[in-house]
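Me: Please take one part of this structure and go through it closely. Then set it against the rest of the chain. Keep it brisk.

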Amino acid sequence: MLSAAVISYQLTIVISLIAARFIGAALNKPDALFWVALGWTVFTFVFVFVSPLLILQLLVIWGVTAWIRPKDEEPERRPNKLEALTAEDDKWLHIFRSVCESPAEEAFLDAMVSAFDLMPNEGSLSGGNLTLQMQVPVANYRLDFLVDKGLVVEIDGAAYHSFPDAIERDAERDKALVAKGFEVLRIPAKVALYNPKEAIVRVRTARSEWLAKKAQARALTNGGKFSRQHKHALPAKAVVSIEAGLDNLTERITASGQRFSERSDQFLESWQKRLDESLEDANKRAEEQNLRIQEKLDSDPEFRRIYEEVAAKWDEK
């Protein structure tokens with residue numbers, strides 16, 4: 001049987017652990033419980049020489065610690081500033097730009113928003129059947145941009161990514177991301193800055209090829225053969241060509257509409273100008289005619305008499 005002294009000693013340990021648990025929670029120091037338990041463990045090994053009592057005390061220390069330790073008490077994650085944005089916010093694009101780490105990334109973001117009509121959607125940007133995320137943590141990396149949760153887009157500045165060791169690190173990073181199922185597209189910063197349309201073309205092409213690969217991978221599910229419904233699936237290059245042709249057609253239609261609108265505006269502006277000039281000329285001639293009539297009336301009494309008679313008869317009508 002355990003003596004009262006041993007029981008009270010164990011109760012002292014339990015009370016100290018419970019106190020450490022609640023004091024640590026109040027002071028936002030969740031490790032306090034662990035350090036108190038570790039202190040009691042060291043004390044036990046140093047001062048307790050009876051084997052059964054040593055085992056009992058260790059069981060009490062770590063059993064109570066495991067029982068009362070905080071379980072999944074991580075503070076509720078607050079939505080970041082991007083998740084709170086909606087299309088109704090006037091400065092949503094400015095706030096998304098603030099997340100970018102370089103002017104080249106800002107230029108690429110602007111180009112993507114314009115090309116795909118992207119709008120904020122729970123921390124990401126969505127539009128045109130495309131989703132764009134920014135500064136996405138994956139394993140030990142942070143991705144510049146992530147398209148449709150699978151296509152990684154990295155904007156590489158020459159000042160950093162052109163050195164041999166940086167090229168090697170980028171290659172290792174790409175290999176690790178590909179192993180996790182991602183497709184990686186690297187766009188030089190000068191392309192994003194000075195030729196954003198080319199950057200968008202590269203994104204469209206890489207995305208089409210990546211989606212085609214996914215479609216073919218889904219089709220190759222039964223014995224490495226295409227299923228019947230995917231037997232006549234288009235190859236990746238054909239999909240890319242079709243999408244590129246559609247994009248080119250859309251750009252041409254948009255350009256034609258813009259040219260027509262510009263020409264219409266120019267025609268209306270020219271017509272309005274001619275109309276204004278005609279009215280101004282007519283008013284000028286009318287003023288000159290009135291001036292000549294008044295001079296004639298002042299210099300010729302007979303003309304004045306006839307003019308007044310005609311005016312009187314006109315008024316009677």
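Reply: Start with the term that matters most here. A residue is buried when its relative accessible area is under 20%, exposed when it is over 50%, and partly exposed in between (1.4 Å probe, protein chains only). Helices (H or I, at least four residues) and strands (E, at least two) are DSSP runs, numbered from the N terminus.

This is a predicted model, in which local features need pLDDT of at least 70 and side-chain atom pairs count only at pLDDT 80 or more, while totals for chains, interfaces and linings use all residues. Residues are numbered from 1 along each chain as its sequence is written, and side-chain values use heavy atoms, with hydrogens and water left out.

The part I pick is helix H5, residues 103-116. H5 has 14 residues. From first C-alpha to last it reaches 20 Å, close to the 20 Å expected at 1.5 Å a residue. That expected span is 1.5 Å times one less than the number of residues.

Which residues of H5 are buried? They are Ala-104, Glu-105, Ala-107, Phe-108, Leu-109, Ala-111, Met-112, Val-113 and Phe-116. Glu-105 is in that list too.

Now the core. A nonpolar core is a set of buried Ala, Val, Leu, Ile, Met, Phe, Trp, Tyr and Cys residues joined through side-chain atoms within 4.5 Å. The largest one has 33 residues, and Phe-108 and Met-112 have the most contacts inside it. Several elements give it two or more residues, among them helix H4 (92-99), strand E3 (130-138), strand E4 (141-147), strand E5 (151-156) and helix H9 (196-219). H5 gives the most, with seven residues.

Take Phe-108. A contact means heavy atoms within 4.5 Å. Leaving aside neighbours within four places in sequence, Phe-108 is in contact with Phe-145, Val-153, Ile-155, Ile-187, Ala-192, Ala-199 and Val-203. A second, separate core has nine residues, including Ile-13, Leu-17, Leu-33 and Val-60.

What follows H5? Asp-117 does, with a positive phi near 50°. Most residues other than glycine have a negative phi. Asp-117 lies in the loop between H5 and strand E1 (119-121). At 59% relative accessibility, Asp-117 counts as exposed. Asn-129 also has a positive phi, about 60°, although it is not a glycine. Asn-129 sits in the loop between strand E2 (124-127) and E3. At 77% relative accessibility, it too is exposed.

Two other helices serve for comparison. H2 has 16 residues and reaches 22 Å from its first C-alpha to its last, close to the 22 Å expected. Its buried residues are Leu-33, Ala-37, Trp-40, Thr-41 and Thr-44. These cover an arc of only 105° around the axis, which puts them on the same side of H2. The arc is that of the directions from the helix axis to the C-beta atoms. Trp-35 and Phe-47 are exposed on the other side of H2. An α-helix has 3.6 residues a turn, so residues three or four places apart point the same way.

Thr-41 is buried at 10% relative accessibility. Beyond four places in sequence, Thr-41 touches Leu-58, Ile-61 and Trp-62.

H7 (residues 164-179) also has 16 residues, and its span is 23 Å, close to the 22 Å expected. Buried in H7 are Ala-166, Asp-170, Arg-173, Asp-174 and Leu-177. Seen down the axis, these fall within an arc of 100°, so they line one face of the helix. Pro-164, Lys-175 and Ala-179 are exposed on the other side of H7. Just after H7, Gly-181 takes a positive phi of about 100°.

Last, the whole chain. It comes to 11 helices and six strands. Of its 317 residues, 26% count as buried. Among contacts between residues at least 6 apart in sequence, 50% join residues at least 24 apart. As for confidence, pLDDT is the predictor's confidence in each residue, from 0 to 100. Its mean over the chain is 80, and 82% of residues reach 70 or more. Over residues 226-233 pLDDT stays under 50, and the model has six contacts beyond four places in sequence for them.
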